[in-house]
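Hi,

Here is the structure I promised to pass on. Have a look at it first, and my notes follow below.

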Amino acid sequence: LITEVLHRVASHPLVYDAIQRMAGCRTVLDRLSPHLQVEPGESILDVGAGTGLLSGVTPSAARYIWLDCDLDKLRGFRAKGIGALAVIGDAVQTCMADKSVDYAACVAVSHHIPDERLDQLFCELSRMVRRRLIFLDAVRSGGFVSNLLWKYDRGGFPRADEVLCEHVSRYFEIMKIERFTVYHQYLLLIAKPRERAVL
Ligand SMILES: C[S@@+](CC[C@H](N)C(=O)[O-])C[C@H]1O[C@@H](n2cnc3c(N)ncnc32)[C@H](O)[C@@H]1O
């Protein structure tokens with residue numbers, strides 16, 4: 001019951017953003033920013049966008065598109081006054097057309113996706129993306145702090161670094177890998193969609 005109450009409080013957009021700041025989201029955004037410097041007019045679909053924190057490090061001339069399944073997050077995003085297209089939908093089965101976006105960012109989302117839907121997520125991302133996927137998530141590292149943080153995380157499916165790389169590489173060619181630590185260990189992948197999945 002206590003965990004459920006904490007989750008409810010934490011899902012309020014203002015509380016959520018404050019928690020993200022405490023959890024080191026500034027460092028995470030700084031790591032992502034160089035990979036988001038796309039050309040004017042190019043589109044970036046932010047899949048599982050939350051309150052749209054990523055839009056703050058996306059060039060203003062890019063076409064940022066917000067996508068999430070949570071209406072509270074949409075309210076939080078809209079409250080920021082960002083005039084971007086916002087889509088409510090499931091990341092594993094969206095309404096977006098094939099190859100309809102230049103880039104997709106999928107940040108801190110995979111640990112919310114159960115095993116039986118994980119391949120569907122990467123399949124769907126590769127279907128929509130023309131150029132690159134920018135993938136980031138915290139991994140299960142086994143450390144004390146990491147275990148504690150995962151215990152209270154809403155997402156119930158933290159995975160090891162190599163498991164995530166293996167699933168991504170079925171649908172994408174991984175071009176670049178970065179790893180860094182802010183409480184959690186993070187995996188950042190820049191990947192190009194494959195023409196055919198390697199299963
Ligand atoms: C930890 S938050 C990360 C939010 C944002 N990407 C960020 O880095 O601030 C995870 C987000 O994924 C969204 N999410 C989880 N499962 C999803 C799904 N199947 N489809 C779309 N969004 C999903 C949640 O609603 C939540 O906003």
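Around the ligand there are 17 residues (a heavy atom within 4 Å of it), and Gly 48, Asp 68, Asp 90, Ala 91 and Val 107 come nearest. Please keep in mind that this is a predicted model, where local features need pLDDT of at least 70 and side-chain atom pairs pLDDT 80 or more, while totals for chains, interfaces and linings use all residues. Residues are numbered from 1 along each chain as its sequence is written, and side-chain values use heavy atoms, without hydrogens and water.

A backbone polar atom of Gly 48 sits 2.7 Å from a ligand nitrogen, and a side-chain N or O atom of Asp 68 is 2.6 Å from a ligand oxygen. The protein buries 87% of the 600 Å² that the ligand exposes when taken alone (Shrake-Rupley method, 1.4 Å probe).

Now to the interior. The largest nonpolar core (buried Ala, Val, Leu, Ile, Met, Phe, Trp, Tyr and Cys residues joined through side-chain atoms within 4.5 Å; buried means under 20% relative accessible area, 1.4 Å probe, protein chains only) has 30 residues. Leu 121, Phe 122 and Leu 125 touch the most other members. Helix H5 (115-128; helices are DSSP runs of H or I, at least four residues, numbered from the N terminus) is one of the elements that supply at least two residues, and its five are the largest share. Beyond four places in sequence, Leu 125 is in contact (heavy atoms within 4.5 Å) with Val 47, Ala 104, Cys 106, Leu 133 and Phe 172. A second, separate core of 28 residues includes Leu 36 and Ile 134.

Best wishes

Key: Buried means under 20% relative accessible area, exposed over 50%, partly exposed in between (1.4 Å probe, protein chains only). A polar contact is a pair of N or O atoms within 3.5 Å; within protein, one must be able to donate a hydrogen and the other to accept it, and residues adjacent in sequence count only if both atoms are side-chain atoms.
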